[in-house]
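This briefing is meant for a reader who is meeting the structure for the first time. Please keep the sequence and the 3D view at hand while going through the topics below.

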Amino acid sequence: MKKCFPIAISILLSSCSGLVPSITPKGYVVKPSTLTPLLGGGSISTLWYRGSDSEYHYFSHYCKTSTYYRVKRSELSLAESDIQSLDSDMVLVGLNNSIDTALKKYPSPTIQ
């Protein structure tokens, strides 16, 4: 019985994504094309630019829960005027045309 308890807890927590924080607090490392489908936006699904450091650009997606992503700076070119530190306020990607345009250069992956 004691062996089953940790497995049961893991199953319960994995099915309740709203209760479990992101495993990686800085975000999952993804390709720019992973974020392209999240640009659709709408009132319940939004992509935010959180800032950059010397290695990554950081984004978050909010749809019921928040998921954090980071893209290598070498894979996504943003205008220097758009790059901000992580201490700054987040920017809604749809309201910043140059970040939106930079991400749209990468086609979203197709499902086969």
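Accessible areas, as used here, come from the Shrake-Rupley method with a 1.4 Å probe. By that approach the accessible surface of the protein chain comes to about 7,700 Å², and 60% of this surface belongs to carbon and sulfur atoms. The model is a predicted one, and the values that follow are computed from it.

**Overall make-up**

- The protein chain has three helices and five strands, and, read from the N terminus on, its elements follow the order α-β-α-β-β-β-β-α.
- Of the 112 residues in the protein chain, 30% count as buried.
- Among the contacts in the protein chain with a separation of 6 or more, 55% are accounted for by residues 24 or more positions apart.

**The sheet**

- Five strands form an open sheet with mixed pairing, and their order in this sheet is β1-β4-β3-β2-β5.
- The strands β1 (28–29) and β5 (91–92) stand at the edges with a single partner strand each, so one side of each has no neighbour in the sheet.
- Strands of a sheet pair through backbone hydrogen bonds, and the pairing may be either parallel or antiparallel.
- β2 and β3 run antiparallel and are joined by six bridges, and the two strands form a hairpin with three residues between them.
- β3 also pairs with β4 in the antiparallel sense, here over eight bridges, and in this pairing Tyr58 stands opposite Arg70 in β4.
- β2 pairs with β5 in the antiparallel sense over two bridges.
- Tyr49 can be followed across both of its neighbouring strands, since this residue stands opposite Phe59 in β3 and also opposite Val91 in β5.
- Six of the eight residues of strand β3 (residues 56–63) are buried, so this strand is largely enclosed by the rest of the structure.

**The nonpolar core**

- In soluble globular proteins, nonpolar side chains tend to be buried together.
- The largest nonpolar core in this model has 15 residues, and those with the most contacts inside it are Leu35, Leu47, Phe59, Leu76, Val93, Ile99 and Leu103.
- β2 (46–52), β4 (65–72) and α3 (97–104) each supply at least two residues of this core, and α3 gives the most to it, with three residues.
- Leu103 shows how such contacts can be traced: not counting residues up to four places away in sequence, Leu103 touches Pro32, Leu35, Thr36, Leu39, Leu47, Phe59, Leu76 and Val93.

**Aromatic rings and a charge over a ring**

- The structure holds three aromatic pairs, one of which is formed by Tyr28 and Tyr69, whose rings are tilted, with 6.5 Å centre to centre and 50° between the planes.
- This pair links distant parts of the chain, with Tyr28 in strand β1 and Tyr69 in strand β4, 41 residues apart.
- The two residues fall into separate exposure classes: Tyr28 is partly exposed, with a relative accessible area of 33%, whereas Tyr69, at 14% relative accessibility, counts as buried.
- The rings of Tyr49 and Phe59 have centres 5.6 Å apart and planes at 55°, so this pair is tilted.
- Tyr49 lies in strand β2 and Phe59 in strand β3, so the pair ties together parts that are ten residues apart in sequence, and both residues are buried.
- The charged end of Arg70 sits over the ring of Tyr56, at 4.8 Å from the centre of that ring.

**Two residues to look up**

- Asp100 is found in helix α3, and the cut-off for a buried residue is under 20% relative accessible area, so Asp100 with its value of 12% is buried.
- Leaving aside neighbours within four places in sequence, Asp100 is in contact with Leu39, Val93 and Gly94.
- Ser66 lies in strand β4 and counts as partly exposed, at 30% relative accessibility.
- Ser66 and Leu47 are 19 residues apart in sequence, and the distance between them in space is 9.8 Å, C-alpha to C-alpha.

Technical notes. Residues are numbered from 1 along each chain as its sequence is written. This is a predicted model: local features need pLDDT of at least 70, side-chain atom pairs count only at pLDDT 80 or more; totals for chains, interfaces and linings use all residues. Side-chain values use heavy atoms; hydrogens and water are left out. A nonpolar core is a set of buried Ala, Val, Leu, Ile, Met, Phe, Trp, Tyr and Cys residues joined through side-chain atoms within 4.5 Å. Buried means under 20% relative accessible area, exposed over 50%, partly exposed in between (1.4 Å probe, protein chains only). Helices (H or I, at least four residues) and strands (E, at least two) are DSSP runs, numbered from the N terminus. Contact means heavy atoms within 4.5 Å. Two strands pair if DSSP finds at least two bridges between them. Rings of Phe, Tyr and Trp (its six-membered ring) pair if their centres lie within 6.5 Å; planes under 30 degrees apart count as stacked, over 60 as edge-to-face and the rest as tilted. A charge sits over a ring if NZ of Lys or CZ of Arg is within 6 Å of the ring centre and within 35 degrees of the ring normal.
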